[in-house]
Amino acid sequence: MMKVKTFLKNNYQFWLKVLGILGGSVLLGGILLAVVYMLPTGRIEQNVAESAHTMRAEGSHPTITATAYSMLDNFTDSIMLLESSYSGNEAVISKSMHAFRNHTESTDPVTVLSEHYLDNKSFTGTETYNRYWHGYLILLKPLLIIFNYDQIRVINTVCQVSLMIVIIWVLIKKQQKILIIPFLLIYGLMMPVALARSLQFSTCFYIGMIGCLVVLLMPQKKRSHGLLFTFLGIGIATAYFDFLTYPLLTFGLPAVVSSYLWAVDSKGDDWRIALLNLCKLGVCWIIGYLGMWFGKWVLGTLLTGENFFAEAMSSISFRTVGVSAEITAVFTINEVVSTNYLLFFKTPFLISTLDFWIAMITLLVMEIKQKLTKPNTLSKILKNMTYVAIPFILIALLPLAWYLVTTNHSGIHYFFTNKLCTVSVFAICGMLCAWYRRLSLK
């Protein structure tokens, strides 16, 4: 713990850079939103109107297949579309900070789209959603100038599959083929079809996977400081683009890759170094995530003269308790954890995951048997494996910590917060792979 305190107190130049990056990100984020709100909304509204047919046909939360839990969130995607097409007379700064959207007599966004664009009902008012950055708008608004919602879904599918192909190619080039199956498993467990068809599900997937890619590509000599700034950037990007889905995944997946590379590349077995490295990355991610979110409230308050903190604090208080005013229910941590994990594993990929774990354990046992040539060898091997396992175990427990803190949010929105369980699976896979690589290299 002393080393963590030293890291926090004695690296003045590092912290100045962190504050500079964070402050610059807040300013850049605000500028980019202002720029896209200057775009004409004529073509955007035409494509949103075409998208209303899909929303009416599918409804708010359609399920793709009964064989695996794959509920979509058209409700939130409709909010994103309504925000993108908003063309009120407010100043650009006000629009970019408040994220206005129109509503009819109904406030359900799917119904609003259907009633206005298909039934010709007039908008009767506006709503704001100012506690989030809504950074996805810097991509979604330009896309909607050319494409409708269904076409963007196709583009999203191509991009996600292409990203996975790039990751596999990098793993081969970096001679880390053993991680290919774990990456494919977690992609499958997240239900790729649902992932591609719900825009709001996609942000954390992209940030988490691109984060893994950056960690894999970073030269070993530059990881000491490079990873700290990488995780700072990941936290910033998560706060900017995400709609509060399963943000901790953007830390968990790259952290597993980082811990794996440390276990494979390091010559020492000091678990305290691994734990210290993990804590440093976690601190940087938290600073980026919370700092960027806080920056939105500060920027919004300064630019509009309104108190953005009031709504934000009210929402935080509501989302972190066990009582839901929305559905009049009390959520216990046991219910939230069991619901999220059980639904996450309601997929055929569970069998493949278990098969991989069994295969890896079998290989480990065979490798250990080959090493048992000297006295006390087994105890040394088990001790080494325990040291290697510590950071992976902590990462695997992160979803539990998130569900404990956000009981209300994870209880209501279990159909996408369950994707955070990916971190637990990936951490176990990473630990098994690290064990095998350590044993096979010695």
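# Reading a predicted fold, feature by feature

Tutor: Let's start with L244, which is placed in the loop between helix 12 and helix 13. Keep in mind throughout that this is a predicted model.

Student: Happy to. Which backbone angle should I look at for L244, and what is its value?

Tutor: The general idea first: most residues other than glycine have a negative phi. Now the case here: phi of L244 is near 55 degrees, a positive value in a residue that is not glycine.

Student: Is L244 buried or exposed?

Tutor: L244 counts as buried because its relative accessibility is 12%, and the cut-off for that class is under 20%.

Student: Which other residue that is not a glycine has a positive phi?

Tutor: A99 has one, at about 55 degrees. Look for A99 in the loop between helix 5 (92-98) and strand 1 (101-103). With 2% relative accessibility, A99 counts as buried.

Student: Let's turn to charges. How many salt bridges does the structure hold?

Tutor: The structure holds 7. To read one, find a side-chain nitrogen of Lys or Arg within 4 Å of a carboxyl oxygen of Asp or Glu. One of them joins E58 and R197, whose closest N and O atoms are 2.8 Å apart. This pair links distant parts of the chain, with E58 in helix 3 (residues 42-58), R197 in helix 10 (residues 192-197), and their positions 139 residues apart in sequence.

Student: How accessible are E58 and R197?

Tutor: E58 is partly exposed, at 23% relative accessibility. R197 falls in that class too, being partly exposed with a relative accessible area of 26%.

Student: What would a salt bridge inside one helix look like here, say for R153 and D150?

Tutor: Both residues lie in helix 8 (residues 149-173), and they are 3 residues apart, about one turn of the helix. Their closest N and O atoms are 4.0 Å apart. The two ends of the pair sit in different classes of accessibility: R153 is buried, with a relative accessible area of 6%, whereas D150 is partly exposed, at 35%.

Student: Which residues are linked with R153 in a network of salt bridges?

Tutor: The network takes in E58, D150, R153 and R197. It helps to display those four residues together on your screen.

Student: And what about D265 and R223: how far apart are N and O in that salt bridge?

Tutor: The N to O distance between these side chains is 2.7 Å. D265 belongs to helix 13 (residues 249-265) and R223 to helix 12 (residues 223-241), so the salt bridge ties together parts that are 42 residues apart in sequence. D265 is partly exposed, with a relative accessible area of 26%, while R223 counts as buried at 16%.

Student: Now for helix packing. At what angle do helix 9 and helix 17 pack?

Tutor: Compare the N-to-C directions of the two axes. Helix 9 (residues 180-189) and helix 17 (residues 349-371) pack at about 155 degrees, and their axes are 9 Å apart. That angle makes helix 9 roughly antiparallel to helix 17, since angles over 145 degrees count that way.

Student: Is the crossing of helix 9 and helix 17 left-handed or right-handed?

Tutor: The crossing is left-handed.

Student: Which residues meet where helix 9 and helix 17 touch?

Tutor: From helix 9 come I181, P182, L185, G188 and L189, and from helix 17 come F349, L350, S352, T353 and F356. Sorted by class, this contact has 7 nonpolar and 3 polar residues, with no charged ones.

Student: My last topic is sequence distance against distance in space. How far apart are N130 and M97 in each?

Tutor: They are 33 residues apart in sequence, yet their C-alpha atoms are 6.2 Å apart. N130 is in the loop between strand 2 (125-127) and helix 7 (137-146), and with 8% relative accessibility N130 counts as buried.

Student: What does L394 touch?

Tutor: Leaving aside residues up to four places away in sequence, L394 touches L275 and L278. L394 is part of helix 18 (residues 377-396) and is partly exposed, with a relative accessible area of 38%. As for S424, 30 residues from L394 along the chain, the two C-alpha atoms are separated by 9.3 Å.

Notes: Residues are numbered from 1 along each chain as its sequence is written. This is a predicted model: local features need pLDDT of at least 70, side-chain atom pairs count only at pLDDT 80 or more; totals for chains, interfaces and linings use all residues. Side-chain values use heavy atoms; hydrogens and water are left out. Axes are lines fitted to C-alpha atoms, for helices over the stretch in contact, and angles run from 0 to 180 degrees between N-to-C directions. Helices (H or I, at least four residues) and strands (E, at least two) are DSSP runs, numbered from the N terminus. Angles under 35 degrees count as roughly parallel, over 145 as roughly antiparallel, 65 to 115 as roughly perpendicular and the rest as oblique. A crossing is left-handed if the near helix is turned anticlockwise from the far one by less than a right angle, and right-handed if clockwise. Contact means heavy atoms within 4.5 Å. Ala, Val, Leu, Ile, Met, Phe, Trp, Tyr, Cys and Pro count as nonpolar, Asp, Glu, Lys and Arg as charged, and the others, Gly among them, as polar. Buried means under 20% relative accessible area, exposed over 50%, partly exposed in between (1.4 Å probe, protein chains only).
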